[in-house]
Amino acid sequence: MIHKKRKGSMMNRAVTRIVGAVAASVLALGGLAACGSSGSSNGKGQVYYLNFKPEAADAWKKIAAEYTKETGVQVTVQTAAANTYEQTLKSEMAKSNAPTLFQVNGPVGLSTWNKYASDMSGTYVYKNLQNADLALKQDGVVKGVPYSMETYGIIYNKSLLNKYFGESWATVKSMDQLNSFAKLKTVADEIQAHKSGLGVSGAFTSAGFDSSSDWRFKTHLANMPLYFEMQADHVTGQPKTVKGTYLKAYKNIFDLYLTDSTTPRTQLSSKTADDATSEFATDKAVFYQNGTWAWTDLKKAGFKASDISMMPLYIGVGNEAKQGLTTGSENYWCINSKASKADQKATADFLKWMVSSKKGQNAMTQDMGFVTPFKDMASIKSDNPLVEIAQGDAKSGKKDVTWNFTIMPSENWKNNLGSALLAYAQGTGKWDGVKKAFVDGWKTEYDATH
């Protein structure tokens with residue numbers, strides 16, 4: 001994806017790579033085969049993880065160092081910069097000291113990296129899945145294991161929204177009433193019209209199209225019309241073409257982001273995920289489209305768990321009173337089949353430790369805020385309020401919106417859609433350009449990748 005995402009500044013950190021003594025010894029050995037890792041001089045193998053999640057970069061470095069201290073096995077973590085994971089992975093895989101552990105976002109990502117993904121059916125992390133069907137398979141072979149289930153929607157500032165509810169001019173008076181796109185538009189429009197009195201700069205944070213932020217609209221928001229089309233047409237798997245049946249609804253929610261915003265639409269090209277986070281954290285906006293992973297940044301910005309909540313991403317389609325949040329995974333661990341046997345085993349052992357040890361479990365559930373699908377962590381309660389909200393929503397009887405963006409045909413499709421959305425936002429393009437990128441672009445990219 002991904003997006004994904006997001007973070008620490010959301011997906012806005014520079015690419016960092018820890019190269020320790022093991023890497024130095026690897027270079028000294030020379031003559032190593034491309035796309036394979038070298039192993040380590042102690043015979044235990046080594047681990048090199050190319051991390052997808054910038055918001056979790058610090059936590060991964062910390063736990064990697066802890067594992068190395070405890071076991072003597074070198075664990076190196078590099079985190080790809082915003083929206084560059086595929087590009088970075090291609091570059092790193094071409095090196096002699098390639099990642100032993102990497103990530104794909106689902107079936108489409110696996111189609112690119114299948115020959116590099118080893119059979120994980122014998123690994124502890126696969127056997128420890130609460131639901132083995134969650135694993136990513138190719139021709140019946142387990143190639144990827146999900147490590148985080150995530151949820152997104154519209155995060156809101158509870159005190160600001162309650163302030164709106166209490167105003168005499170407010171049409172909507174409670175969260176129970178805010179259960180559709182029509183109601184959301186009413187609330188956002190009224191907040192925008194009375195922003196000075198409420199002390200905000202806009203209803204929504206800026207819909208930035210810097211690479212750290214644009215995935216929220218070209219991927220996560222675009223999931224909504226795609227989901228409803230797949231549901232209506234009873235489509236499973238990746239279709240060769242799409243019709244764009246619900247693009248008008250997509251336009252309606254995107255228009256709301258543009259008109260009821262902290263930022264003029266002409267200034268969105270340079271707005272970042274950090275900008276959106278800052279606007280929300282400083283009470284300049286009431287609403288912020290994002291997901292459970294955002295808690296890391298919001299907590300750092302000073303939010304308390306009781307300050308925020310999350311509502312479904314309504315676009316005006318279907319039975320919205322029964323619509324839940326948008327939940328799924330695009331986070332699948334893959335072990336590099338081109339790595340040495342020692343490094344593959346070291347990587348599998350590291351993943352087992354992450355899932356089964358208290359230190360690893362705390363790192364994943366508390367420091368990184370993941371909702372994990374593993375048996376060993378089934379009873380762990382998250383301190384992430386957005387996770388608690390997501391879990392409560394799932395138990396409420398509402399119907400979750402599934403993640404269909406994992407079947408989007410290519411990163412290029414997303415980028416072209418993002419460019420068309422930005423052109424529309426800035427007034428240099430028409431909505432027809434968005435429709436063309438969505439529908440015609442799908443067939444073009446599907447054909448190119450198949």
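Over the face of which ring does Arg265 lie, and at what distance from the ring centre? Arg265 is placed over the face of Tyr424, at 5.7 Å from the ring centre. This report concerns a predicted model, and the contacts of its aromatic rings are its main topic.

A second residue is placed in a similar way: Lys338 lies over the face of Tyr116. The table lists both cases.

| Charged residue | Ring | Distance from the ring centre |
|---|---|---|
| Arg265 | Tyr424 | 5.7 Å |
| Lys338 | Tyr116 | 5.8 Å |

Tyr424 also belongs to a cluster linked by ring pairs, whose members include Phe204, Tyr250, Phe287, Trp413, Trp431, Phe438 and Trp442. The count of aromatic pairs in the model comes to 34. In one of them, the rings of Trp413 and Phe438 have centres 5.2 Å apart and planes at 70 degrees; because edge-to-face pairs are those with planes over 60 degrees apart, this pair is edge-to-face. The pair joins distant parts of the chain, with Trp413 in helix α17 (residues 411–426) and Phe438 in helix α18 (residues 431–449), 25 residues apart.

Both partners are shielded by the protein. Trp413 has a relative accessible area of 0% and is therefore buried, and Phe438, at 0% relative accessibility, also counts as buried.

Elsewhere in the chain, Val77 is part of strand β3 (residues 75–79). Its relative accessible area is 2%, so Val77 is buried. The C-alpha atoms of Val77 and Lys61 are separated by 6.2 Å, although the two residues are 16 residues apart along the chain.

Key
Residues numbered from 1 in each chain as written. Predicted model: local features only at pLDDT ≥ 70, side-chain atom pairs only at ≥ 80, totals over all residues. Heavy atoms only, no water. Helix = DSSP H or I, 4+ residues; strand = E, 2+ residues; numbered from the N terminus. Buried < 20%, exposed > 50% of the residue type's maximum accessible area, 1.4 Å probe, protein only. Phe/Tyr/Trp six-rings, centres within 6.5 Å; stacked < 30°, edge-to-face > 60°. Lys NZ or Arg CZ within 6 Å of the ring centre and 35° of its normal.
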